[in-house]
Amino acid sequence: MKDNYLTHSRGFLSWALTLDHKRIGLMYLVAVLSSFLVAGIMALMIRAEHLAPGADLVDADTYNRLMTLHGAIMVFLFIIPSIPGALGNFVLPIMLGAKDVAFPKLNLCSFYLWIVGALLAVGSIAAGGVDGGWTFYTPYSLQDGRIGVIGMTMGVFILGFSSIFTGLNFVVTIHRLRPPGMTWFRMPLFLWGIYATAILQILATPVIGITMLLLIAERVMGIGIFDPALGGDPVLFQHFFWFYSHPAVYIMILPGLAIISELIATFSHKHIFGYSFIAFSSVAIAVFSFLVWGHHMFTSGMSPLAAMIFSALTYSVSIPTAVKIFNWLATMYKGSISFQTPMLYALAFIFLFTIGGLTGIFLGSLSTDVHLHDTYFVVAHFHYVMMGGTVIAMLGGLHYWWPKMTGRMYSEFWGRIGCLLVFVGFNLTFFSQFLLGSLGMPRRYHTYAAEFQSIHVASSIGSFTLAAGLFITLFYLVHSLFRGAIAPANPWGGATLEWHCTSPPPHDNFSVAPTVGDPYDYSDLSYDPATGGWVSKAGAKA
Amino acid sequence: MGDHALPPGDWKEGDHVPHVVSWQFLLGILVTLLCLTALTVIAAKVHLGSTLNVGVALAIATVKATLVAAFFMHLYWDKPINTVILLFSLALLSLFLGFSLLDGMQYQDSVIKDYAYRQMTEKNYKGGWDPAAALEAHHHDAGHGDDAGHGEDATHGEDDKVEDDGH
Amino acid sequence: MSDDHGHGHGDPNLAHHWDTMDQQVHAGKFGMWLFLSTEVLLFAGLFCAYCVYRGLHPEVFAEASKVLNWKLGALNTVILLASSFTMAMGVRAAQLGNKSQTSLMLVLTLCGAGGFMVVKAIEYNEKFEHGTVWIGHKNSITGDYNYSPQDKFKDVEYAYPAEAAEAAPDESEHGDPKLAALLDTTVTPIEPKLGGGIVQPGVAPSGLASDDGKRVTTAPKLQNMHIFFGIYFVMTGTHGLHVIIGAIAIIWVLIRNIRGDFTPKYNLPVDLVGLYWHLVDLIWIFLFPLLYLINLDPWN
């Protein structure tokens with residue numbers, strides 16, 4: 001392979017002190033996938049415990065800690081940073097046609113803040129007492145003996161800054177580093193999604209920061225704002241917490257939606273349908289996401305008036321999302337669809353995310369939420385949107401940009417096997433949980449009534465299948481690093497700018513400034529069997 | 001308002017030419033801010049009722065903040081996007097405060113007002129205290145007529161101090 | 001060998017991924033404003049807590065606020081405004097390439113920061129001395145649950161109906177008759193009025209008055225006073241932390257200025273640190289009336 005960003009310089013320090021967004025993206029990728037592994041193993045332990053109704057594998061305390069840490073690590077260490085940190089960092093500047101993000105040192109700082117926050121969060125596990133669920137509701141999280149809560153909340157605070165700095169970087173990059181000719185409406189939709197995400201990261205994250213600080217202050221100083229025994233209001237804590245955590249779930253899904261736009265267009269080999277609608281819907285989702293946080297609190301004791309307002313607003317959020325899905329379907333219609341692994345993940349996404357989104361409607365309606373809140377129905381809903389949504393999209397994006405990042409092609413056969421196992425396993429795991437929830441099985445419970453066991457067993461079998469699919473994916477991806485075919489510059493026939501540079505890209509992304517055109521115009525591309533990639537018909541390559 | 005003479009140096013295409021403000025102007029802004037501060041204190045000494053006092057104080061503070069942001073922070077001469085950012089974050093602040101306060105005010109009916117004091121003193125107090133009964137009594141006293149079901153609970157006194165249930 | 005980006009073209013301050021210095025400077029300011037918006041939202045949480053609790057317990061805030069020394073608060077406001085002025089002057093001097101004036105203005109700003117922290121320390125110390133620091137529901141200095149600290153509420157006498165003190169059995173660990181009286185249900189706590197008037201306790205309706213002409217109230221306790229102080233300490237403490245961070249940033253810029261890093265063409269760091277400092281000032285502009293000026297004694 002020619003000289004590229006991987007070979008440009010060598011040695012530990014050249015990675016530890018790198019300012020190259022591509023290397024930072026790779027480091028993020030390893031970091032978030034490691035947390036995914038840790039929290040995923042916790043999930044498997046939870047599912048193993050639930051094979052039988054009683055307490056067999058772990059005791060109640062351990063179970064509570066497992067489920068808290070599974071949630072906290074997945075949310076704060078994995079999902080929120082995953083697509084922006086790993087894929088966004090790598091792809092954004094290249095897709096934009098820029099040489100780097102706006103503030104490369106801040107980018108590296110973001111990564112190290114993630115490391116520090118992760119160490120604090122994981123370290124707090126040892127201190128103990130982190131067992132009330134990842135939402136840290138008061139007054140439980142303020143009780144004596146929960147010293148680990150302080151470590152975990154500090155970790156979350158620092159991770160918040162990592163997220164803020166990443167978002168800040170991306171907003172300035174997209175505003176200021178677009179090359180000549182790339183107007184806002186000539187940007188690929190992936191960048192619109194990342195942009196909307198970045199706005200949320202900047203504006204929402206500080207609120208969780210102050211919430212965590214106030215939690216610590218309440219614990220240490222006894223201010224009396226969240227603890228009823230001190231005159232405080234626990235519902236206020238929930239307002240504080242969810243004001244960030246609801247936009248946070250959109251921070252999780254918006255980049256995923258953005259990836260799917262790219263995958264659908266490229267693998268349908270057809271111009272994306274309704275570009276402006278999809279672009280505006282990303283921004284609309286970001287704006288609306290600030291208005292609906294109360295729907296996590298319907299049964300908390302909040303006033304019926306506020307509950308009604310939040311419920312009505314919650315329905316509005318589904319509209320921009322639906323806009324995206326219809327536009328994707330219209331894009332596929334009469335397109336020339338190829339079913340390679342990234343496209344399989346994209347199709348899985350549409351199916352799974354639709355289910356997840358629709359079940360959110362049940363939860364947004366006040367009368368049904370009274371029955372479904374804090375049951376497995378909620379668990380199933382958010383796993384469908386977060387895992388069936390974001391994780392599937394991330395896997396799709398990873399497979400899509402893998403050749404670009406590593407210069408290697410993975411095995412298409414094993415890719416499809418992995419996707420199939422993940423899809424089947426996922427549905428078995430979590431669709432069963434919709435049933436469990438409607439039948440009344442509460443969430444976060446260590447033991448359960450015997451009548452639920454058969455469904456739990458089905459769900460656990462699904463989870464092991466899902467795990468198998470994910471491990472297979474891990475294996476063949478790592479294997480491709482050593483034995484994979486050399487990747488051409490444009491293996492899939494994408495029309496966005498990152499396919500104009502070599503795989504892997506050179507250190508400075510582009511040796512010649514790329515010419516900006518329509519990012520979804522495939523008319524110029526044709527498949528060249530000799531290289532296994534797509535080339536411009538005109539013969540000129542940037 | 002500003003020095004329009006270029007600062008020293010050979011300026012080329014692409015250089016960032018700073019917008020220099022005259023020191024007299026900056027001093028004038030400072031004096032205005034100090035006067036407004038004095039005004040705030042004076043206004044606070046005139047008791048108009050709590051809401052109006054807060055309103056006046058916040059209004060003056062907003063004027064001061066606008067002066068600092070527009071002229072000390074250069075927003076007046078900057079690209080408008082920076083002002084948009086500030087205004088948007090303030091809008092979100094209002095949204096957050098507004099909804100929390102609205103909700104808080106609305107559910108006050110269901111809050112046991114002296115819960116903290118009871119909790120705290122209960123440690124020193126052998127009587128034992130029943131939160132549910134206290135809430136019912138509170139509603140009963142406050143004249144919430146609809147709780148027909150609550151009238152039957154005559155056995156729950158308000159604060160049965162002589163009840164010895166071994167607390 | 002480190003993996004850094006070269007600065008290929010012309011101005012050594014121009015990073016390689018920017019085409020012009022103008023682009024870099026505007027992007028830097030844009031990025032700083034985005035960061036400032038995160039600070040606004042950080043304090044938004046504190047202002048929300050303030051708003052909710054003041055709305056629900058206006059009388060508590062009114063009484064507790066009297067403990068604060070508004071003159072020191074006003075002094076701090078003046079100090080910060082002046083330091084904002086000197087910071088703006090410092091940015092101006094850097095734009096004009098006047099290295100010594102820039103240094104002078106930055107030093108004056110640092111003096112402002114230092115002065116602010118000194119006044120703050122005096123205030124906090126006063127509170128510790130007078131026992132107006134509650135940790136939780138217990139006064140951290142005297143250790144009792146009585147909500148009226150010794151010194152500061154000297155003009156308010158909390159009188160309890162004598163019959164209540166007799167009726168309530170004194171079963172408290174502390175053997176404190178006042179505490180026992182507080183447990184009596186015939187003495188009702190104040191119903192907070194939302195947005196209601198400032199409490200001006202006068203002669204109690206029950207006719208109780210203390211001999212030495214002090215104001216008397218049958219309000220047995222202003223519960224939740226510690227909430228005001230908790231919010232006060234968290235708000236001013238977080239703000240003070242930002243003052244310190246700002247001061248460190250100013251010191252860093254001062255060092256760079258003395259080293260000669262800045263020219264009229266490149267003084268972005270001074271500008272950005274200035275923006276941060278002005279934000280610190282902005283937040284105090286709101287903190288001062290909200291915390292200190294709730295219940296000032298009226299004229300004459």
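Biologist: Hello! In this predicted model, how are H7(A) and H12(A) oriented to each other?

Modeller: Let's begin with the angle: the two helices pack at about 45°, with their axes 9 Å apart. Angles under 35 degrees would count as roughly parallel, and 65 to 115 as roughly perpendicular. The angle of H7(A) and H12(A) is in neither range, so the two helices are oblique.

Biologist: What is the handedness of that crossing, and how many charged residues does the contact of H7(A) with H12(A) have?

Modeller: H7(A) passes H12(A) in a left-handed crossing. Among the residues that make the contact are Ile253(A) and Gly256(A) of H7(A), and Gly389(A) and Ala393(A) of H12(A). By class there are 10 nonpolar and five polar residues. So for your two questions, the crossing is left-handed, and the number of charged residues is none: the count is "no charged".

Biologist: H12(A) also packs with H10(A). How are H10(A) and H12(A) oriented to each other?

Modeller: H10(A) covers residues 341–364 and H12(A) covers residues 376–406. Their axes are 8 Å apart, at an angle of about 160°. Angles over 145 degrees count as roughly antiparallel, and therefore H10(A) and H12(A) are roughly antiparallel.

Biologist: Which handedness does the crossing of H10(A) and H12(A) have?

Modeller: The contact of H10(A) with H12(A) has 16 nonpolar, 10 polar and no charged residues. As for the handedness of H10(A) and H12(A), the crossing is left-handed.

Biologist: Let's turn to proline. Is Pro320(A) buried or exposed?

Modeller: Pro320(A) is found in helix H9, residues 304–332 of chain A. Leaving out residues up to four places away in sequence, Pro320(A) touches Ser281(A), Ala284(A) and Ile285(A). Its C-alpha atom is also 9.4 Å from that of Phe288(A), 32 residues away along the chain. Because 21 other C-beta atoms lie within 10 Å, where 20 or more are needed, Pro320(A) is buried.

Biologist: Which peptide bonds leading into Pro139(A) and Pro504(A) should I look at, and what is their form?

Modeller: Most peptide bonds are trans, so a departure is worth a look. Pro139(A) is in the loop between H4 and H5 of chain A, while Pro504(A) lies in the loop between S2 and S3 of chain A. The bond from Thr138(A) to Pro139(A) has omega near -5°, and the one from Ser503(A) to Pro504(A) has omega near -10°. The form of the Thr138(A) bond is cis, and that of the Ser503(A) bond is cis.

Biologist: What is the phi of His269(A), and what is the phi of His74(B)?

Modeller: Most residues other than glycine have a negative phi. His269(A) is in the loop between H7 and H8 of chain A, and is partly exposed. His74(B) is in the loop between H2 and H3 of chain B, and is buried. Each has a positive phi: for His269(A) about 50°, and for His74(B) about 70°.

Biologist: Which residue of the hairpin of S3(A) and S4(A) takes a positive phi?

Modeller: S3(A) and S4(A) pair in the antiparallel sense over four bridges. Leu525(A) is bridged to Ser536(A), and Ser526(A) to Val535(A). The hairpin has four residues between the strands, and the residue with a positive phi, near 80°, is Gly532(A).

Biologist: Which helix gives the largest share of the side of chain A that touches chain C?

Modeller: In this interface, 41 residues of chain A are in contact with 34 residues of chain C. H1, H5, H6 and H7 of chain A each supply at least two residues. By class, the chain A side has 25 nonpolar, 11 polar and five charged residues. The largest share, 10 residues, comes from H6(A).

Biologist: Which residues of chain C is Leu101(B) in contact with?

Modeller: Leu101(B) is in helix H3 of chain B. With 18 C-beta neighbours inside 10 Å, it counts as partly exposed. Neighbours within four places in sequence aside, its contacts are Cys51(C), Val52(C) and Gly55(C).

Biologist: Finally, what percentage of chain C is made up of buried residues?

Modeller: Chain C has eight helices and four strands. Of its contacts with a separation of 6 or more, 69% join residues 24 or more positions apart. Among the 300 residues of chain C, the buried share is 50%.

Key. Residues numbered from 1 in each chain as written. Chains lettered and ligands numbered in written order. Predicted model: local features only at pLDDT ≥ 70, side-chain atom pairs only at ≥ 80, totals over all residues. Axes fitted to C-alpha atoms, helices over the stretch in contact; angles between N-to-C directions. Left-handed = near helix turned anticlockwise from the far one by under 90°. Nonpolar A, V, L, I, M, F, W, Y, C, P; charged D, E, K, R; others polar. Buried ≥ 20, exposed ≤ 12 C-beta atoms within 10 Å, placed from the backbone. Contact = placed C-beta atoms within 7 Å. Pairing = 2+ DSSP bridges.
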